[in-house]
Amino acid sequence: MRYAFLLLTLTPLIALAQEGKVEPVVLAIAGGKVTVGPRGRLYLAPEGGDGVGASLRVLHDNHWLGQSSAVVTEREVQPDGGVKLTSLIAAQGAKNPLIVRLTAAKVAQGVKVRYEFEKAAECSVQRGIPLRISLPLETWRGRWLEARKVLTTPIPSMLNCQVSGYRLQTGAQSSLDLEVLTGPRPLAGEAGGGKSFTLSLNLAPEEPAVGEVEAAEILISFPGEMTPEALARKTAGPPRITQVTPSARQVGRFEKLELTVALQATYDNPFDPEQVALDATFAGPKGRQEVPGFLYQGYRRQVVDGLEVLTKEGPPEWRVRFAPSEVGDYSYELRLKDAHGEAKWTGGKFTCVDSPSKGFIRVDPRDRRRFAYDDGSPFFAIGHNVPTYHTTWRQLPDETLRKMHEAGENFNRWWMYSRSLGIEWCHQVGWYRLDRAWQLDYALELADRYDMHYMLCLDTHQDYRGKQSWVAWWLNPYNQAMGGPIAEPREWFTNPEAKQAYRKRLRYMVARWGYDPRVFAWEFGNEFQGWAGYSDEEGRAWHEEMSEYLHQLDPFDHLVSTSFWGSPTHPETWNLPHIDFVQTHSYSNRDADQAQIVADLCRQRYENFDKPQLFAEYGIRSGAGTGKRDPTGVHLHQGNWAALMSMCSSNAMTWWHESYVDPLDLYHCFTGVANFVRGMPLGAAQWRPLQVEQVQWAEANRPEQFTDLRISGGSSGWQKPTVNEFTVTRDGKVSDREQLVSRLQGRGHQDLKNPPTFLVDFPQDSRFGVQVGRVSSGGVLEIYVDDQPALNQELPTGENIGKEWRWVERWKLWESVYDQEFFVPVSRGKHRIRVDNTGRDWMVVQFIFEKYLSDRIPPLRVLGMQNDSSAVFWCQNRADLWYERAAGKAIKPLDPTRFTVAGLTDGAYELEWWDTSVGKPTRTDAVQVTGGKLLVELPRLETDVAAKLRQR
């Protein structure tokens, strides 16, 4: 269920006079008064403090409307001084308004306000019925805000949680308390351009049903002085450790031992190890390990009306977490340091016994391109992106992870960012959100339940740029405007204070979650080019420094990685010794052969890096529309199999969970690969790319025919290609394909331009074409045949231009989607065809060679891996394209074909055929390898099939 926001806006009481001649109703109570304006706006005025205003706001038929535009149809002042009123809110010209009924009355505890919302007839009321508090930071910065029963923090601070209400410090001895009596509602905090801080409280579903009344009740009171519980501690003498309570005396191998530590120390910030540091040393069968301690706050979790509600449970505690890696006896000691000295505690002991755990995931020492557990068993990551820990209607993590597990997935990538699990989003640098930290604890409990592993992405570029609603630089604690150390995001990589604060955050994370083998890897950040002003040189130096520090800090030696958008980018960073594996993010914003794109990218990574590769983001559209374009998940299925069979160590992980995988129930797209890979001896078997020869038709003397060849670039176009001539042969092969761009740059990026030229040999008179997808800020497509101009096509952008259009606020420009093909005639024989864009900005393209692809070689894709005594491969009908299926076109089946797998050891083998859609074997053939080769014969092929070849 979706919820919308109740909008509370700071408004002076003199604004009441602007509502007309009708007098407001004033309800005076202890500590202040609540005033109900003529249209229903509330004015909350504590004695001796600053008042705030509260008014509804509705997105009605795509227009944001407040109570200032409401039409009051009934108003009745009650004998006890309360008031009832009914108002209508509707966009201009709309016939069907939203009916709002308000009742305000004094009760023993304060003032109770009841809202009732009803749509008398069908109309659009999106995002529900908002009530919001907007507070100028010049006045309100540093005052305390209590999100009731969850956290207490000074203003401003990033908030996004379910609460039963909140308390706001309005003055030195005054406060405002607002409690929702009808159940918890999501509370969001945000800053507007760095000048104001806004609280939002949800009152009603996003889209109320016609004829049904949605109600919410709020209790308003003025409790007086607000003295929140402080995390700072002061002691009279030196630090002391008074008690250490272990969670167990016997712990399974790779399982958690947790120490709860009672201590006395002096500090203002418990998260700053320069003020207070708790450390432990564990001595076991194979040596000593140093583990930092951390501050912990317990919470009780409830799910109420589909919302996750956290309630503080007990006071904060100091804890230490450790996972032993060897069976045997362990001892441990603790050290506590503050400004007054150091204290030690000794004598701790426990025994480690064997357990079913496989241990942590490492780079496999037998094959540096693979992952393996400590016990040597292989790990192949299968998952899709659910980066946000949802606490509302979108889907709680319990359900998400259960569904993923049931489909065979074992991997997720949590983003630790401002609006979800990011911990350093309190009021200033170096303070951490303990409710978010607890949620990650809970996610790790779910990982044990559902056999999941997580890559923790520690930051994302959306938090380090811009002022749009979906980015958060304006509220980033590192921002000087918020009291942080840096004026611009790029300084985050070089500023000593920022780097020192980041190292402290890493220490806290290692202390709290480093013990857990379910943490697959630390990922420094999502797509670092997105940091405003990012410099490759500064970014590489930062990655080198932080990756070395993190490996030294982490006693459990988790894998470390990072990410960039695009494909063949930043090799200097990927090759750093402490970056353990490479990643790929790829979105094809055009109709393209996704299996080929995935295979090319994976092969490129395999050839260029002696490290595992994780295909961490993948999609056919980097914007909305994937569900409409491919509702059955064809590109998911094909991308997953192509990645597996192209030496990748994961499937190709789609980004779209909330809008695609879950609502269309496409979890089954992961099951086939999951079943197939289970039990494969990855790593130990020393796999290499499949050696395929002589792909041909089973029918002899088949007459040659020619079909269209479509080529997509292997490069995103955000790095200048080093090659600009590409030989295209009639069997569809393209030289240096990884250098061919999918985005033709225009005048705006001259430093990235290197227009492609195709060396071709057409078998007959035909046409060459370019399919144009998205165009930014206006393009001009030019085609030259043998250096003679053949086409000059202007492609303007703007509103109502193209099939789709959008205004990009960040760059102040229009983008239009054409999805249109432009052709020029080409005569039979050899030619040079050059394609350029002389417009203002880039365009996404695909290249079309009509009647060029010879069918002497069947349109059969064979991808796979092998070693001396086994092989796996995937055979796909290349005519089976997701966009052809989406268009309702019939896919032409492949007639029987054959091919040869070479490089095998002679002998008898079993060839096991698999249904890829469900991941089950269908039959097993006895075959013979002779002369190192196996002839594989395929019957008529509709879509795809996979196989496992094993020596008997």
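Two strands are said to pair if DSSP finds at least two bridges between them. With that in mind, the predicted model can be explored one feature at a time, beginning with a sheet.

Nine strands come together here as an open sheet, and their pairing is antiparallel. Read across the sheet, the order is β8-β9-β10-β11-β21-β18-β17-β14-β15. The two ends of this order are the edge strands, β8 (71-77) and β15 (151-154), each of which pairs on one side only. On average, neighbouring strands of the sheet are turned by 15° against each other, direction ignored. As a general reminder, strands of a sheet pair through backbone hydrogen bonds, either parallel or antiparallel. A closer look at one pairing helps to make the picture concrete. Strand β14 (residues 144-147) and strand β17 (residues 165-171) run antiparallel and are joined by three bridges. Within this pairing, Leu-145 has Leu-168 of β17 as its bridge partner.

Helices offer another view of how elements are arranged. The axes of helix α2 (residues 397-406) and helix α3 (residues 434-450) come within 10 Å and cross at roughly 30°. Angles under 35 degrees count as roughly parallel, and therefore α2 is roughly parallel to α3. The crossing in which α2 passes α3 is right-handed.

Aromatic rings come next. A pair of such rings is described by the distance of the centres and the angle of the planes. The structure holds 67 aromatic pairs. One of them is formed by Tyr-464 and Trp-531, which are stacked, with 4.9 Å centre to centre and 20° between the planes. Tyr-464 belongs to the loop between β37 (453-457) and α4 (496-513), while Trp-531 belongs to the loop between β38 (519-523) and α5 (536-553), so the pair ties together parts that are 67 residues apart in sequence. Both Tyr-464 and Trp-531 are buried. Trp-531 also forms a stacked aromatic pair with Phe-528, at 4.3 Å centre to centre and with 15° between the planes. Phe-528, like Trp-531, is buried.

Aromatic rings can also be found facing charged side chains in this model, as two examples show. Arg-702 lies over the face of Trp-697, 3.8 Å from the ring centre. In the other example, the ring of Phe-676 has the charged end of Lys-948 over it, 4.8 Å from the centre of the ring.

Methods:
Residues numbered from 1 in each chain as written. Predicted model: local features only at pLDDT ≥ 70, side-chain atom pairs only at ≥ 80, totals over all residues. Heavy atoms only, no water. Helix = DSSP H or I, 4+ residues; strand = E, 2+ residues; numbered from the N terminus. Axes fitted to C-alpha atoms, helices over the stretch in contact; angles between N-to-C directions. Phe/Tyr/Trp six-rings, centres within 6.5 Å; stacked < 30°, edge-to-face > 60°. Buried < 20%, exposed > 50% of the residue type's maximum accessible area, 1.4 Å probe, protein only. Lys NZ or Arg CZ within 6 Å of the ring centre and 35° of its normal. Parallel < 35°, antiparallel > 145°, perpendicular 65-115°, else oblique. Left-handed = near helix turned anticlockwise from the far one by under 90°.
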